[in-house]
Number of protein chains: 2
Amino acid sequence: MNVKIKDVAREANVSVATVSRVLNNIPLVNDETKKRVQDAIDRTGYKPNAIARSLKMQRTNTFGIMIPDITQAYYTQVVRGVEDVCNIYDYNIILCNTDSDPIKEHTYLNVFLEKQCDGILFIGKSLSEDLILAITNSRVPIVLGALSDSEERVPSVSINNDEAAYDITKYLIDNGHKKIGFLTDEDEISYVGIERKKGYIRALESVGIEVNNDYELKGKYTIKGGYDLMDKMLKLKDRPTAVVALNDEMALGAIRKAEDVGLKVPEDMSVIGFNNFSISEWVKPTITTVAQPMYDIGAISARMLIKTINNKQDENKSIFVPHEIIIRDSVKNIE
Amino acid sequence: MNVKIKDVAREANVSVATVSRVLNNIPLVNDETKKRVQDAIDRTGYKPNAIARSLKMQRTNTFGIMIPDITQAYYTQVVRGVEDVCNIYDYNIILCNTDSDPIKEHTYLNVFLEKQCDGILFIGKSLSEDLILAITNSRVPIVLGALSDSEERVPSVSINNDEAAYDITKYLIDNGHKKIGFLTDEDEISYVGIERKKGYIRALESVGIEVNNDYELKGKYTIKGGYDLMDKMLKLKDRPTAVVALNDEMALGAIRKAEDVGLKVPEDMSVIGFNNFSISEWVKPTITTVAQPMYDIGAISARMLIKTINNKQDENKSIFVPHEIIIRDSVKNIE
DNA sequence: CTGAAAGCGCTTACAG
DNA sequence: CTGAAAGCGCTTACAG
């Protein structure tokens, strides 16, 4: 077994209380005995048992973080932002991939609760009513990242997805496009998808373009997904001149499909993406997209959570971080 | 405060010992009282405190995992493999990004030790002598993923990097290339980089090609890194006809640079990558590369670690998983 | 089949 | 300034 506090106490000829005090930098320890303890610690190679400490302190310094799938570039950056600030404030993260599966979400929530996580970060596209109830009931501090709760029951940090979709659709309209396709998620009730659709429709209606339901196609959030969707899109009798895809991977797939059937992008078909995936400036054509500050979303979420825990201030509201249209080569002005 | 075992004991009119027994499915409990306890649990919404349990059981069911940077696509898949099998066996992972920084590595090791992780997964390119000593001293079970220890002190799962580099260099040679550049890591002592260089040189020497030191260029493992390195490569008086990059991101950057100066890939310059990044089949030209089973590396590592913990069998050796050359469009036969 | 009690490794009032 | 003791929430021999 490892050395424990009792062992160093014996070694230093003091009580465990004293050892604990020097460990935790509690000031009222005599300098000389402090040194003796310190020596004993060094000599024995003692490392405090954080589990025992957590049990006593009712605080684990660990957060649970749920994301749909770490394999997706987007989430990767958010997680990195989270972990970096956690590291600064001495927190660690338990990482879980939910695949947006409600079963897994509930299971992991329970794990976080049982493992006494000090807080939870939920990153994703959508938060079910069920889960939010379970979370608020449990009374763990939580922050949502990359999405928000429309009813503001829990704090969140994300872009304004409605606005972002509006802006980008408007950008297409300003470039003369009137027939604009919309490549979205299979998951009908995805919060982010819904918000984005709102913005898309709002933009169309703002200039009196009628919404064509054939132009909304649902598929996977992957390159292949975009590829397949563009295939369908191109089979429409009255095909759009531009398409907005809900992430850059889809946009890339859509571009490739268009090219595969002999169209040129953007000459014959404009495509716009979402998220500013790191690859988007390196493919040909480079992809016009709307950037989210993904790292910041993670970092701010974590910071918010830490603040909540330390100050008991649950006066946190949703905060929107700015998005930005990155103009590159995949959109043509057809006016 | 939350409800604890004592509360459900009172509620069910039994001792905490009995509650604990039904919680842990220990068979010798009367069916009727088991039901009473179960009801009390349901009624109170009791959730066991895993921290308390861990303290008693000396086992946390959590692993620490260190990776250089979750933001890199390669590691993402490894982590997903790890998490998926951990989930099956009821483990969770504490995820840490080290940036391959020795300070962070040591800090995180201590965190894992203090938080009583049952085991550690170390994923990366290189493991310093220092760290391996600290790890073996601590006696935590560990498995290395994506790299291995040349002295076999700790178990690992990875491809045979030497072989992989040999194979891919040989492939270039078989396609008539004699002047072959090598785009590698800045980190001189990276285990993976060293192994790969060995294979590269071995392939050259196997056909009597003299190694040209100018052809080895060190830079960042990113698209931009590859871009910059190709720039240097092209300024060589006697430039190579082909280049092997140590990941696909570098390969992509190298391709873009070549194109930017008016060369065609692969007609004027062949480029080959590593890892089979998901984008590589979607860019133009598609990138010839050597695939590693990254998900499997993660999954197998985790499985190995779990086995070690449960069977006390530290008879684990390094295992090599197969790599595979994926032939696409970025290499030209110039014979 | 069930309960009382010790103990996992810490922290912290309380007393001196 | 320091120590003895209680307690965090569990599990599990031991006794009955």
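A polar contact here is a pair of N or O atoms within 3.5 Å. With that in hand, look at Gln58(A): a polar atom of its side chain sits 3.3 Å from a sugar or linking oxygen of DNA strand D. Keep in mind that this is a predicted model. Below is a tour of how chain A and chain B meet DNA strand D, DNA strand C and each other.

**Around DNA strand D**

- Let's start with the head count: 25 residues surround DNA strand D, and the closest are Thr18(A), Arg21(A), Thr33(A), Ser20(B) and Arg53(B).
- Which parts of the strand does the protein come up against? Of the strand D atoms within 4 Å of the protein, 68% belong to sugar or phosphate, and the rest belong to bases.
- Two contacts go to base nitrogens of DNA strand D: a polar side-chain atom of Lys56(A) is 3.5 Å from one, and a backbone N or O atom of Ala52(B) is 3.3 Å from one.
- Helices H2 (16-23) and H4 (50-57) of chain A, along with H2 (16-23) and H4 (50-57) of chain B, each put at least two residues into the surface near DNA strand D.
- H4(B) gives the most to that surface, with four residues.
- Sorted by class, the surface near DNA strand D has 11 nonpolar, eight polar and six charged residues.

**Around DNA strand C**

- Over at DNA strand C, 26 residues surround the strand, and the closest are Ser20(A), Arg53(A), Thr18(B), Arg21(B) and Thr33(B).
- Sugar and phosphate make up 68% of the atoms of DNA strand C that come within 4 Å of the protein.
- Phosphate oxygens of DNA strand C have partners in chain A: a backbone N or O atom of Ile5(A) lies 2.8 Å from one, a side-chain N or O atom of Tyr46(A) lies 2.9 Å from one, and a backbone N or O atom of Asn49(A) lies 3.3 Å from one.
- The elements giving two or more residues to the surface near DNA strand C are H2 and H4 of chain A plus H2 and H4 of chain B.
- Which helix supplies the largest share of that surface? H4(A) does, with four residues.
- By class, the residues near DNA strand C split into 11 nonpolar, eight polar and seven charged.

**How the two chains match up**

- Turn chain B by 180 degrees, with 0.0 Å of shift along the axis, and chain B superposes on chain A with an RMSD of 0.0 Å.
- The two copies are therefore related as by a two-fold rotation axis.
- In chain B, the C-alpha nearest that axis belongs to Ile94(B), 2.2 Å away from it.
- Both copies use the same surface, as 100% of the contact residues of chain B recur in chain A.

**Where chain A meets chain B**

- The contact takes 50 residues from chain B and 50 residues from chain A.
- Together the chains bury about 4500 Å² between them, with 58% of it on carbon and sulfur atoms.
- On the chain B side, Ile51(B), Arg80(B) and Trp282(B) lose the most area to chain A, together 17% of what that side buries.
- How many salt bridges are there between chain B and chain A? The count is six.
- Arg80(B) also has a salt bridge with Asp69(A), at 3.0 Å from N to O.
- Among the elements giving two or more residues to the chain B side are H4, helix H5 (73-88) and strand E2 (92-97).
- That side has 23 nonpolar, 15 polar and 12 charged residues.

Key. Residues numbered from 1 in each chain as written. Chains lettered and ligands numbered in written order. Predicted model: local features only at pLDDT ≥ 70, side-chain atom pairs only at ≥ 80, totals over all residues. Heavy atoms only, no water. Near = heavy atom within 4 Å. Polar contact = N/O pair within 3.5 Å; in protein donor to acceptor, adjacent residues only side chain to side chain. Nonpolar A, V, L, I, M, F, W, Y, C, P; charged D, E, K, R; others polar. Least-squares fit on C-alpha atoms with pLDDT ≥ 70 in both. Contact = heavy atoms within 4.5 Å. Buried area = accessible area lost by both parts, 1.4 Å probe. Salt bridge = Lys/Arg side-chain N within 4 Å of Asp/Glu carboxyl O.
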